Structure formats: C-alpha cells, structure tokens
Amino acid sequence: MASTLNRGVRPSRADLAAATDKLLADVIAPGLDVLLCGINPGLWSAATGHHFARPGNRFWPALHRSGFTPRQLRPDEQGLLIGYGLGITNLAARATARADELTRDELTTGGVILREKVERFSPAWLAVLGVTAFRTAFGAQRVHVGPQEQKFSGARLWILPNPSGLNAHFTLDGLASEFAALRAATEHSKSAGGAREAPEDQRPRR
C-alpha cells in the first residue's frame, strides 16, 4: 500500500492510529539470494509504506554493517534491495503497535502463506527475523539463531534476531555480526554453486 506521506515526514498520532491493521506490500522478486522475513509491520511502517521504518529499528544499519549493502539505505529506498539480491516480506501481514499483539492463529496462518510465497519466488535463502515468532508459527521449538539444518520449501533457512529496538538481547554490533554470518554463507553458497545474476536494469549502480 502506497504511503500518502512525503519522505522525511514523521507520521502523526492520527497517521499511526489509522495504520492499525493496514497491509504492507512485499519487496520481492523471483530468484533472490535472500528473502528477509520480519514478524509483522509496525504502525510506523504501515503509515509510511516502508519496512522497518520506525526510528530505533536496527534493520537498515545492521544490513549495511554486515556488508549486504554498500551504504545504509533509508527505508524509502527499500526498492533498491532487489538489485542486491534481497527482498522483504513478513510472517503476518497485519500492522500492530507491537508484535506480541498478534495471535497464534495469525502467525500459523502466516506461516502457511510464507511457505507458498517461498515456493513461488524460490529465494536461495529465507532469513526469518525473530526466533520466537518462528517457533510459534511452525511449532518448531528447537530452532535457534543461525543456520538451520532443515530447508524451508526448498530454500535454505537462517534465523536472525529481531532487529527491533525493543530486543535488548542484541546490540547493533551483535545484530550486524549475525547478519554478516548470513552474508558469508550466501556468498559461499553462490561461489560453490554459481552466482545468480540480477537483471541488468535491477543491478545497483555503484
């Protein structure tokens, strides 16, 4: 859903209230190196139309510090991710103020939709940002942060920490380190199996 706010304009309280239950479009394309999956959009993201848009969220800094992007992108530049072989989706579509407002049924249903999405778009890796949400959605209590032995609808699976500023278990440096480990694994798998080139018009201009 496109935002009615201009870039750099902070959403008002009314904007945030109106964003409750809104849906946020994926940043996705076939054959990505990594499809990054958040838990669900926050109200700030739903109001602006940009993923991980709330100030204090560490997603964009961690993505850059890990080497996935050559500079720190702004949330409104999310469309550039496709050129880097990256995409963003969410486990649950409904926007809420906090992820713990989601029901178990919403996460379970979102898990079914995520499997269908991964089968359709065939990313090499699926990276879910939030171990607790993954456990709830799939009843998988033994998963942990890092690479998983099992595949997910054909994609290799990696669990990353939730980059929300509310996640006190990981500092920004800690998050960047986990993102960097994923990046190293994706680079290794591409060198072993052959890199998949992005279309010419989607490649980033450096």
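## Helices around the largest pocket

In this predicted model, two helices, α2 (43-48) and α5 (131-138), each give at least two residues to the lining of the largest pocket. The largest share comes from α5, which supplies 4 residues.

How much space lies in the largest pocket? The figure is about 1,100 Å³. The lining has 41 residues, and the closest to the pocket's centre are I39, A99, N162, S164 and L166. Sorted by character, the lining has 21 nonpolar, 17 polar and 3 charged residues.

## A closer look at α5

Let's stay with α5 for a moment. Its buried residues are V131, A133, F134, T136 and A137. Which elements do these buried residues pack against? You can look for one helix, α4 (104-121), and three strands: β3 (125-129), β4 (146-152) and β5 (155-160).

Follow the chain just past the end of α5 and you come to G139, which has a positive phi of about 60°.

## Two loop residues with positive phi

Now find F52, in the loop between α2 and α3 (59-65). F52 is not a glycine, yet its phi is positive, at about 50°. Is F52 buried or exposed? Its relative accessible area is 14%, so F52 counts as buried, the cut-off being under 20%.

Another residue to find is S122, in the loop between α4 and β3. S122 is also a residue other than glycine with a positive phi, near 50°. Its relative accessibility is 41%, so S122 counts as partly exposed.

Notes: Residues are numbered from 1 along each chain as its sequence is written. This is a predicted model: local features need pLDDT of at least 70, side-chain atom pairs count only at pLDDT 80 or more; totals for chains, interfaces and linings use all residues. Side-chain values use heavy atoms; hydrogens and water are left out. On a 1 Å grid over the protein atoms alone, a cavity is a set of points where a 1.4 Å probe fits but cannot get out, and a pocket is an open set with protein on both sides within 12 Å along at least five of seven lines; lining residues have an atom within 4 Å of a point. Grid points are joined across faces, edges and corners, and a volume is the space filled by probe spheres set on the points. Ala, Val, Leu, Ile, Met, Phe, Trp, Tyr, Cys and Pro count as nonpolar, Asp, Glu, Lys and Arg as charged, and the others, Gly among them, as polar. Buried means under 20% relative accessible area, exposed over 50%, partly exposed in between (1.4 Å probe, protein chains only). Contact means heavy atoms within 4.5 Å.
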